[in-house]
Amino acid sequence: MTHRPRDLRVLPAGDPAEDPEFPPGVDEPPSELDRRAVMKLLAAGAGLAGLGSIAACMEAPSKRIMPRVVEPPELTPGVPLEYATSMVLDGFATGLVVTAHEARPTKVEGNPDHPASLGATNQLHQASILELYDPDRPRGALEAGVPTSLEALLRSIARRAPMPGLWFLLHPQSSPLGADLIDRVRARHPTARFAWYSAVDRRSVYQGARRVFGRPLEPQYRFDLADVIVSLDADFLAAMANSVRWSRDFANRRRLRTPEDRMSRLYVAEPCPSPTGSLADAALPARPAEIRTLAAAILARLEGRADDHALSPRHERWTAAAAADLRAGRGLVVAGDRQPAEVHALAHLINAAIGANGTTVAFTAPAVIDPLGPGLSELAEEIRRGGVQTLVIVEANPVYSAPAALDFAALLARVPETICSAVTHHETSRRCRWFIPLAHYLESWGDARAYDGTISMIQPLIRPMYQSATLPELLAAFAGTEQPDTHRMLLDRYEHGDPLAWQRLLQRGVVTGSAPRGFVPPIQLTAGDRQALVAPTPAEPTGDAAIELAFAPSHAVYDGRFAGISWLQEMPKPIDKITWGNAALLSPATAEALGVGDDDVVRITAGKAQVELPVFVVPGHADRCATLELGYGRWAATPTAEGVGANVYPLRPLATPAYATGAQAGVRIEPTGRRSRLARTQEHFTQYGRDLAPTADLETYRAQPDFTAHLWGDQPTWLPDKRHGTPQWAMTIDTMICSGCSACVVACQAENNVPVVGADGVRRNREMHWLRIDTYREDRGDRVEYVHQPMLCQHCEMAPCEYVCPVYATQHSPDGLNEMIYNRCIGTRFCSNNCPYKVRRFNFFDYTEPTPAPLRLQYNPNVTVRARGVMEKCTYCVQRIRSAEIRARKANREIQPGEVVTACQQACPTGAIQFGQLQHEGTEMVERRKQARHYAVLHDLDTRPRTAYLAKISNPNPRLP
Amino acid sequence: MPCKSLCRTTVSPLYPRWSNTVYRAAICLLVLMLASPIVLPMLYVRSTYNTNQFVPWAQPIDFDHRHHVRDDGIECLYCHGSAERSANAGVPATSVCMGCHTQIWNQSPLLEVVRRSYFSGTPINWKRVHQVPDFVYFNHSVHVARGIDCVTCHGDVGAMARVEQVQPLTMGWCLDCHRRSQGTSPPRPPALPAPTNSWSASVGMFAKPVAHDRDVTLLTTCTACHR
């Protein structure tokens, strides 16, 4: 009983090169195998739970009521309000609708009116609310570590004479207001320069467009129109700028209603299976450096040229099939952000060759300001020349994320005046002289453009919790405004003397019609340039030593900026289910060649940098290649972020930040002989021959549409039928379009006050997620097929858990819910033992009791914060059902179709999860249950689950084995 | 020894007659002792001592509902308006008090606390009288909308100098109403005086046709209140 999740620091902080990576004893047998300890825990837990519930019953009314002195007219205590706002990530805004209870924001949801959201979100949006309440947020401005007045600091900045050598280092920005302010800053400080930096760099997208079309452009893809999609290392469903929208578009084209429907075919070439790759019909493991050859080979085939690229037979087959399909159907080729400009240029040429430009691809001017402006290397160069007198860094964290060869920390020390602004302290901010706390987006006014250029509004949900400034205010101070006010600046820009229009704009969250029209520019490519593009890549060394590193932003913590958010740290990552850290992902063959397996620590060397990481073997990974996730191993951040995983940024070469080839960077991987157990939530990825998540390809499905018939229907039973009364709630999940992106997992955590248990807790299988995504993979000869199955309480009509509860703490409601009553639960865990789906979670510790003060504000007041010693599980968001019922009763009407949306359904970008009443004929949820491919998980047990699944149908090319 | 003499001998009883009574009493006591760990807590939680009924709590202001409700005829919802819209009925904001009391009794020493709260911006710290546990999600608005009178649960507050809890507010008490079949018996105990001047649109509504018209469904499922 040593583990208390009070401090979620799992690994010691410090320089990863000096400290041992993992604490001693971490690989000892986990104590859950110790039966006596388990019994002791059980007894203590049950006893305390009993005591707690008795104490709760005897509580005297000790509470006070403190009404407001003056009640704002829009506010009624107990009635939540929703506001439209936007979250900006590396310049691209996603529209959100945020719920506030008594003026404290509690839940983020997507804005249906916003083109980049369509009502859905990703896991980062869902979790961003926790950063607002981070207990470690700085409380005020600092000068050399000493508190100072923010107002005075901004005033002194505003009064400065034109400053020579003034540089700004910002994340990419798309704010129209910001663009104005940058002009104003330049007017006041004529030599001011703005450099743009994000560890997840998208410059190659614009460089590729410039190479083909003569200017930087943003490709606008129409996945809903494409029959054949070829992804060249592009995880467009989960890791790109417009992924939330693209997921919906992709799913709309892909989802089958009848076996005769057409569905798109997805080709994906990438080093490590991504959420997109896990839905691929033809996945090709390819090292990042091989992608260019693949693209050139496809283009050569389409143009009918002799293919002189040296390809392996497997790559040859894949490119031939992709090229043939692209020519036959309405195609679309997408290149990944981390690929170099040549691959993007080749993708544009392929799209032009198949006539996709104008149908499935159009172009707009980039939403971001100055897309190919100076970057970190230009800034570094200028610092080395001594030309930077004052450096203003907002949000960006180059000390942590710059390649080791740049040694940005040393460069930063050479700048006389450094000002850093960030929401929470990070490695860079701790090395700057002045620190200005940045307001969280939920406390800020602002504007930004979405990926398609739509202007989106940012409005605050709460007054700044601490003294802080927004980026426009900071820029305005440099432009000479002494008391900058973003709200005022926005009014000047958008109100146009019409307060009502301004209110409507804020309500909607977007400026309607502000997206530029897409167009198809003419190709401006000289013959020589074209020749250089399509020329074969020089052969690479193929010895055993040649290994390539592929760097990917983490699906959980992005580039590390969200590492302080415990929800994301504990979110199992889609493919490997690793939480609280990163691993070196290797293919089975590569791991075998190195003589390592899961959890074996390897030392990875690239140039002078060395990192030690445990290995995780991923079937379907490219051979002679390791995928490393960025964003971990923070050493000077918030306590949650520090020391989780290992920092692989130093391994990145300067020239190609997304990958390092063995030849170029001297990459070596060698076993250390040590082991370190990764905190994974899923240990087995096979179905062991059981039909848990059936799959079929399109031809089989068409030949035999009811191939899941044996997995559906009632079996004989003695038990009484529970399908009575109205309404009857149910859920349908289409595994065909689930990419495993895990937005639902975090949404469920946010909505239902699900606690975080820490890495050690996860290692002991004590994670509390009510909704998990089971990922199964099947070896289909040449390829690995993935299927993601979101697994939550199935709300069985014949629920095994209900029969065994000695205190009737779990019951069946007349409207078809399997209810869980926490205040009645005494923690016997019989129900969990009897649940075949293992979706019930037990509070082994008081995970919620040490919640620090500001974090408590996030709790959803409509859901009980569970104490220690009770069982908990998915309730189908019963709080939302009941409040909809109350709304309907008050208005004397029935609940309308679509009125109750569960948190997971709401977040799901592809719309794979649908919820509603069985009586509501015609709704998506009911229509899907009528499809032939529906099934019940563990149907043979006759639990009669209310959650129905639709089998995954893939559309492989018959000519590919 | 001859049998006859033995039979004639009167043997004095080993135990006196009253020992039977003691024995019976001891058995009763034993049964009571065995039952008491179960029965006594059950009695205790139902006692008014535990439910905090009938305690006229002192409040920071001696606010007299009798005066405001009976003498002035102010409706309940004038001050507790969110009972119609929200889960919480709430206590009015200081500005609601001051709406009248800037005009009348604006010099009264009894209202010093209200004025201080209003002009200093600090809320009045009321003692909470009616309280269900945190794991109970009670919603005022739907009860009001379905026509449940305020006095049904809160008693005749208009007759109270200091507000006290009249009903036990226990789960059994909630279920008494929720389980009662429609229209058979009024949920308001007949002993209570009819509200003289409170929100009382519901007088007679529990006659059968009204209950039917209003579709008063009686939710007894656990998640109706526990989530």
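Here a visitor asks a guide how the labels for this predicted model are earned.

Visitor: Why is T121(A) called buried?

Guide: Count its neighbours. T121(A) has 28 other C-beta atoms within 10 Å. Buried needs 20 or more. Therefore T121(A) counts as buried.

Visitor: Where is T121(A) found?

Guide: T121(A) sits in the loop between β4 (104-110) and α2 (123-132) of chain A.

Visitor: Which residues does T121(A) touch, leaving out those up to four places away in sequence?

Guide: The list includes T94(A), L96(A), V108(A), V244(A), A743(A) and A907(A). As for T864(A), it stands 743 residues from T121(A) in sequence, and 25 Å lie between their C-alpha atoms.

Visitor: What makes A300(A) partly exposed?

Guide: Its count is 18 other C-beta atoms within 10 Å. Buried starts at 20, and exposed means 12 or fewer. The value 18 falls in between, so A300(A) is partly exposed. This residue lies in helix α7 of chain A. A300(A) and A323(A) are 23 residues apart in sequence, with 9.1 Å from C-alpha to C-alpha.

Visitor: Which helix gives the most to the largest nonpolar core?

Guide: Helix α7 (residues 291-302) of chain A does, with 8 residues. That core has 280 residues. L232(A) and A295(A) have the most contacts inside it.

Visitor: What is A295(A) in contact with, leaving aside neighbours within four places in sequence?

Guide: A295(A) meets L232(A), V343(A), L346(A), A347(A) and I350(A).

Visitor: Which residues are included in the second, separate core?

Guide: A693(A), Y776(A), V784(A) and Y786(A) are included. This second core has 5 residues. In soluble globular proteins, nonpolar side chains tend to be buried together.

Visitor: Why are α4(A) and α13(A) called roughly parallel?

Guide: Take the angle. Helix α4 (residues 176-188) and helix α13 (residues 471-478) of chain A pack at about 20 degrees. Angles under 35 degrees count as roughly parallel. So α4(A) is roughly parallel to α13(A). Their axes are 8 Å apart.

Visitor: Is the crossing of α4(A) and α13(A) left-handed or right-handed?

Guide: The crossing is left-handed.

Visitor: Which residues in α4(A) and α13(A) meet?

Guide: On the α4(A) side, they include L177(A), L181(A) and V185(A). On the α13(A) side, they include L471(A), L475(A) and F478(A).

Visitor: What makes β6 and β8 of chain A edge strands?

Guide: Each pairs on one side only. They are β6 (146-147) and β8 (193-196). The open sheet has 7 strands, in the order β6-β5-β17-β16-β15-β7-β8 (chain A). Its pairing is mixed.

Visitor: How do you know that β15 and β16 of chain A pair?

Guide: Count the bridges. There are 5 between β15 (residues 390-394) and β16 (residues 417-422) of chain A. Pairing needs at least two, so these strands qualify. They run parallel. T390(A) stands opposite E417(A) in β16(A).

Visitor: What stands out about phi of S742(A)?

Guide: Phi of S742(A) is near 75 degrees, a positive value in a residue other than glycine. Most residues other than glycine have a negative phi. S742(A) is placed in the loop between β30 (729-734) and α21 (743-751) of chain A.

Visitor: Why does S742(A) count as buried?

Guide: S742(A) has 28 C-beta neighbours inside 10 Å. The cut-off is 20 or more, so S742(A) counts as buried.

Visitor: What about phi of Y876(A)?

Guide: That phi is near 60 degrees, positive in a residue other than glycine. Y876(A) lies in the loop between β36 (871-872) and α26 of chain A. With 27 other C-beta atoms within 10 Å against a cut-off of 20, Y876(A) is therefore buried.

Visitor: How many residues of chain A are in contact with chain B?

Guide: 37 residues of chain A are in contact with 39 residues of chain B. On the chain A side, α1 (35-57), β1 (64-65) and α26 (878-890) each supply at least two residues. α26(A) gives the most, with 6 residues.

Visitor: How many helices and strands does chain B have?

Guide: Chain B has 11 helices and 1 strand. Along the sequence, the pattern is α-α-α-α-α-α-α-β-α-α-α-α. Of its 227 residues, 20% count as buried.

Notes: Residues numbered from 1 in each chain as written. Chains lettered and ligands numbered in written order. Predicted model: local features only at pLDDT ≥ 70, side-chain atom pairs only at ≥ 80, totals over all residues. Helix = DSSP H or I, 4+ residues; strand = E, 2+ residues; numbered from the N terminus. Contact = placed C-beta atoms within 7 Å. Core = buried A, V, L, I, M, F, W, Y, C linked by C-beta atoms within 7 Å. Axes fitted to C-alpha atoms, helices over the stretch in contact; angles between N-to-C directions. Parallel < 35°, antiparallel > 145°, perpendicular 65-115°, else oblique. Left-handed = near helix turned anticlockwise from the far one by under 90°.
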